[in-house]
Amino acid sequence: MQRRSRKPQFPARPEESYGHVTSAIGLEETFGHQRARRQSLFKQTLMWITGLICAVLLLGTLAQAWSNSQLTQTVQSEQLRLQSLQQRNDQLKKDVNKYKDPAVIESEARQQLGYVRPGEKPVVVVQADTTTTTRTASTRTTKSDSGYWLEWLQALFGNG
């Protein structure tokens, strides 16, 4: 028994020849060989397209992850800002409730603005390191009943 190989003894196309030369001598490519070459080209094209689609999907996923990271940072910073604004709002609400009390309003008006009630006389406390204009103003306020000329004398020559 002798084994026969399926390979023909003469190749359908010599290795160093070109297509137009083989057709001239009658050694054309067979239909099966052409179909195999077309299928190989189809498979290569399909592989390239699949690789391209995978690359595009990978880039899209990376872009989405980066975008999510940016959004997460923005949300965190805005939450911190919201928390500080809520604390400020709570403080303002406390101040509103505090200033609804008439006694607090009167106290603030007396301390910050120097208001007095009708019939009251203001008392100005002068410290030792204040300027002469402050002493003159305090003298004017406390000595308003003394008279016009007396105030002029004190303003020009001092308290003596």
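**Entry: terms and confidence**

I count a residue as buried under 20% relative accessible area, as exposed over 50%, and as partly exposed in between. The model I am reading is predicted. I looked up its confidence before anything else. The mean pLDDT of the chain is 77, and 68% of the residues reach 70 or more. Among the elements, I find the highest mean pLDDT in H2, at 93, and the lowest in H4, at 47. I also note that pLDDT is below 50 over residues 134-144. That stretch still has 14 contacts in the model beyond near neighbours in sequence.

**Entry: overall layout**

I asked how many helices and strands the chain has. I get five helices and zero strands, and from the N terminus on the order reads α-α-α-α-α. H2 covers residues 31-98, H3 covers residues 102-113, H4 covers 132-142 and H5 covers residues 148-157.

I then checked burial and contacts. Of the 160 residues, 5% count as buried. Among contacts with a separation of 6 or more, 9% are between residues 24 or more positions apart. The chain exposes about 15200 Å², and carbon and sulfur atoms supply 59% of that area.

**Entry: salt bridge in H2**

My count of salt bridges comes to four. I took the pair in H2 to begin with. Glu78 bridges to Arg81, with the closest N and O atoms 3.5 Å apart. Both residues lie in helix H2, three residues apart, which is about one turn of the helix.

Is Glu78 buried or exposed? Neither term applies: Glu78 has 42% relative accessibility, so I log this residue as partly exposed. Its partner Arg81 has a relative accessible area of 51%, so I log Arg81 as exposed.

**Entry: network around Glu106**

I looked up which residues are joined to Glu106 by salt bridges. One bridge goes to Arg110, at 3.1 Å from N to O. Glu106 and Arg110 are separated by about one helical turn, because they are four residues apart in helix H3.

Another bridge joins Glu106 to Arg117, the closest N and O atoms being 2.9 Å apart. This pair links distant parts of the chain: Glu106 sits in helix H3, while Arg117 sits in the loop between H3 and helix H4, 11 residues apart.

I listed accessibility for these three residues. Glu106 has a relative accessible area of 30% and is partly exposed. Arg110, at 31%, is partly exposed. Arg117 is partly exposed at 47% relative accessibility. I traced the connections further and find Glu106, Arg110, Arg117 and Glu120 linked in a network of salt bridges.

**Entry: nonpolar surface patch**

Which residues form a nonpolar patch on the surface? I find Trp149, Trp152, Leu153, Leu156 and Phe157. Together they have about 680 Å² of accessible area. I picked Leu153 for a closer look. Leu153 lies in helix H5. At 48% relative accessibility, Leu153 counts as partly exposed. Patch membership needs over 30% relative accessible area, so at 48% Leu153 passes that cut-off.

**Entry: recap**

I close with the items I would look up again in the viewer. They are the Glu78 and Arg81 pair in helix H2, the network that includes Glu106 and Arg117, and the patch that includes Trp149 and Phe157. For residues 134-144 I keep in mind the pLDDT below 50.

Conventions:
Residues numbered from 1 in each chain as written. Predicted model: local features only at pLDDT ≥ 70, side-chain atom pairs only at ≥ 80, totals over all residues. Heavy atoms only, no water. Helix = DSSP H or I, 4+ residues; strand = E, 2+ residues; numbered from the N terminus. Buried < 20%, exposed > 50% of the residue type's maximum accessible area, 1.4 Å probe, protein only. Contact = heavy atoms within 4.5 Å. Areas by Shrake-Rupley, 256 points an atom, 1.4 Å probe, with all protein chains shown as cover. Salt bridge = Lys/Arg side-chain N within 4 Å of Asp/Glu carboxyl O. pLDDT = per-residue confidence, 0-100. Patch = residues over 30% accessible without salt bridge, like charges linked within 9 Å, V, L, I, M, F, W, Y side chains within 5 Å.
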